[in-house]
Amino acid sequence: MQLTRPGLSLLGTLSAPTFPQFLSGAAADIKKPLQNGYPWGTRQAARTNPYENSPTTGVIRSYDFTIARGYIAPDGVNKSVLLINNQFPGPTIEANWGDTFSINVHNQITGPEEGTALHWHGLLQRATPWFDGVPAVQQCPIAPGKSLTYTFKADLFGSSWYHSHYSAQYAGGLFGAMIVHGPHENIFYDTDLGPILLTDWYHKEYFDLVEEVMTNKPPPKSDNNLINGKMDFDCSRIPAGGPACTPKAGISKFNFQSGKTHRLRLINAGADATLRFSIDNHTMTVIAQDFVPVVPFKTNVVTLGIGQRTDVIVKANLSPTSAVFMRSNLTERCASVNQPYAVAAIYYEKADKNKTPQSTATVFDNSFCGNDPLTKTRPLFPFPALQNAATTQDIDITFGPNSTGTNLWYMNKVSFRANYDHPVLLLAAAGNTSYPYDPVCHPPLCPIPS
């Protein structure tokens with residue numbers, strides 16, 4: 001089946017759902033009253049160390065994922081991608097802090113067949129390291145035609161995402177947002193608009209990108225920049241004989257209510273580029289970065305490296321007939337890009353939603369590759385600093401060709417060689433600590449633990 005838009009996802013449409021302060025309705029919620037009115041009880045963002053004192057609610061949040069190839073045109077350019085439940089981006093998963101996720105993943109990838117594995121970005125996985133989703137490290141890939149149920153605790157709270165950790169599959173569409181609802185005392189907002197997934201986008205197949213990166217060629221350039229899986233593309237840039245392209249495919253759209261405050265969960269789910277996010281004629285208040293609540297501060301622009309998340313509160317301070325752009329700019333100094341600009345439309349309640357906003361972009365410095373100054377950011381909970389580290393080690397990370405001319409990453413001049421059949425975690429549990437020199441360890445030399 002060939003699709004001309006991003007599958008069944010409602011993200012980036014005016015019909016997209018908003019999100020609650022916390023989830024209710026699960027069996028365990030009904031059986032017992034909520035302590036202090038919240039699933040996480042009396043724990044507060046400013047007074048609780050989430051790494052040492054996370055709740056355990058006993059509630060299971062179940063999802064069922066089928067991963068398969070499909071055709072979509074998120075920017076008008078038709079291409080083969082990987083979809084979860086026929087959606088791009090993938091389904092947003094939710095839990096309360098302390099709930100347990102149970103996600104049954106079915107690998108139906110064909111044409112060609114391929115393994116897969118999903119990583120749940122940022123969660124600690126202290127009790128379930130085998131469900132962290134990195135093949136050859138914590139697990140074998142999920143084989144074609146097979147299934148695996150990931151079961152793990154939502155041990156931190158805030159905004160994040162999940163993505164394939166097999167090859168470069170997430171650059172081919174295999175990712176989605178993850179929300180863990182948690183405390184935010186003294187931070188008030190009217191509407192949670194949910195995830196804003198910001199992604200560079202390639203028209204080439206993801207395996208071709210891997211080959212280009214690993215050979216002595218210039219880095220592949222991304223072709224476009226998407227907000228919640230949508231953006232226009234100039235079809236005149238498609239070479240002769242290239243893929244089908246539909247002009248003016250359409251941008252993402254969001255609802256604002258004048259006088260109300262809105263929470264936006266910004267996520268850089270791209271493959272290569274640092275980006276900067278802004279909203280024309282609006283100031284953002286940052287309330288969290290990654291899974292860390294921070295002392296709120298105001299800004300006109302948010303910088304996000306790959307995988308980073310920032311939660312912001314935005315006051316809708318314009319008239320009810322207003323319409324403005326939100327913008328995501330890939331930083332050209334920091335990545336290889338052909339088209340670095342993405343926009344999405346924000347419509348106030350009485351705006352003409354068939355008209356394109358005419359707002360002017362915020363001016364900011366886009367010349368450097370680092371994050372915004374750390375002096376702006378102070379964790380809401382004062383994490384105690386360790387005075388003396390038990391172990392100190394310096395690691396030099398480099399990238400370059402090996403003796404065959406294949407480009408590899410190195411840590412202290414050593415490159416990791418993965419073995420999908422023998423994950424490192426399983427080898428270590430079996431007593432084999434000589435990896436990679438002896439990656440296969442059999443009983444009785446390495447007895448399987450009972």
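**Exercise 1. Describe the open sheet that contains strands 2, 1, 4 and 6, and find its edges.**

Solution. Begin with the order: the four strands of this open sheet follow each other as 2-1-4-6, and their pairing is mixed. Strands here are DSSP runs of E with at least two residues, helices are runs of H or I with at least four residues, and both are numbered from the N terminus. Two strands count as paired if DSSP finds at least two bridges between them.

Next, look at the ends of the order. Strand 2 (79-84) and strand 6 (147-153) each have a single partner strand, so one side of each is left without a neighbour in the sheet. Neighbouring strands of this sheet are turned against each other by 20° on average, direction ignored; the axes behind this angle are lines fitted to C-alpha atoms, for helices over the stretch in contact, and angles run from 0 to 180 degrees between N-to-C directions.

The model is a predicted one, in which local features need pLDDT of at least 70 and side-chain atom pairs count only at pLDDT 80 or more, while totals for chains, interfaces and linings use all residues. Residues are numbered from 1 along each chain as its sequence is written, and side-chain values use heavy atoms, with hydrogens and water left out.

**Exercise 2. Which strands pair with strand 4, in what sense, and how far is strand 4 buried?**

Solution. Take strand 6 as one partner: strand 4 (residues 100-107) pairs with it in the antiparallel sense over seven bridges. Two residue positions show this pairing: Ile103 stands opposite Tyr150, and Phe101 stands opposite Phe152.

Then take strand 1 (residues 60-72), which runs parallel to strand 4 and is joined to it by eight bridges. Within this pair, Thr66 has His106 as its bridge partner.

Last, consider burial, where buried means under 20% relative accessible area, exposed over 50%, and partly exposed in between (1.4 Å probe, protein chains only). Six of the eight residues of strand 4 are buried, so strand 4 is largely enclosed by the rest of the structure.

**Exercise 3. Which strands are joined to strand 17, and how many of its residues are buried?**

Solution. Strand 12 is joined to strand 17 by seven bridges, and the two run antiparallel. In this pair Leu264 stands opposite Val312.

Strand 14 (residues 284-289) is also antiparallel to strand 17, with five bridges. Here Gln289 faces Thr310.

For burial, count along strand 17 (residues 309-315): six of its seven residues are buried.

**Exercise 4. Give the order and the edge strands of the open sheet of five strands.**

Solution. The order is 11-19-18-13-16, and the pairing is mixed. Strand 11 (253-255) and strand 16 (302-304) are the edge strands, each pairing on one side only. From one strand to the next the twist averages 25°.

At the strand 11 end, strand 11 and strand 19 (residues 341-347) pair in the parallel sense over three bridges. Asn255 stands opposite Tyr347 there.

**Exercise 5. Where are Thr274 and Phe22 placed, and is each buried, partly exposed or exposed?**

Solution. Thr274 lies in the loop between strand 12 (261-268) and strand 13 (275-279). Its relative accessible area is 14%, so Thr274 is buried. Contact means heavy atoms within 4.5 Å. Not counting residues up to four places away in sequence, the residues that Thr274 touches include Asn268, Thr303, Asn329, Cys334 and Cys369.

Phe22 is in the segment before helix 1 (27-31). With 22% relative accessibility, Phe22 counts as partly exposed. Among the residues that Phe22 touches, leaving out those up to four places away in sequence, are Leu34, Tyr38, Trp40, Asn96 and His181. The C-alpha atoms of Phe22 and Glu94 are separated by 9.1 Å, although the two residues are 72 residues apart along the chain.

**Exercise 6. How many residues line the largest pocket, and which element supplies the largest share?**

Solution. A pocket is an open set of points on a 1 Å grid over the protein atoms alone where a 1.4 Å probe fits, with protein on both sides within 12 Å along at least five of seven lines; lining residues have an atom within 4 Å of a point. The lining of the largest pocket holds 48 residues, with Ser167, Val210, Val213, Met214 and Trp409 nearest its centre. Helix 2 gives the largest share, seven residues.
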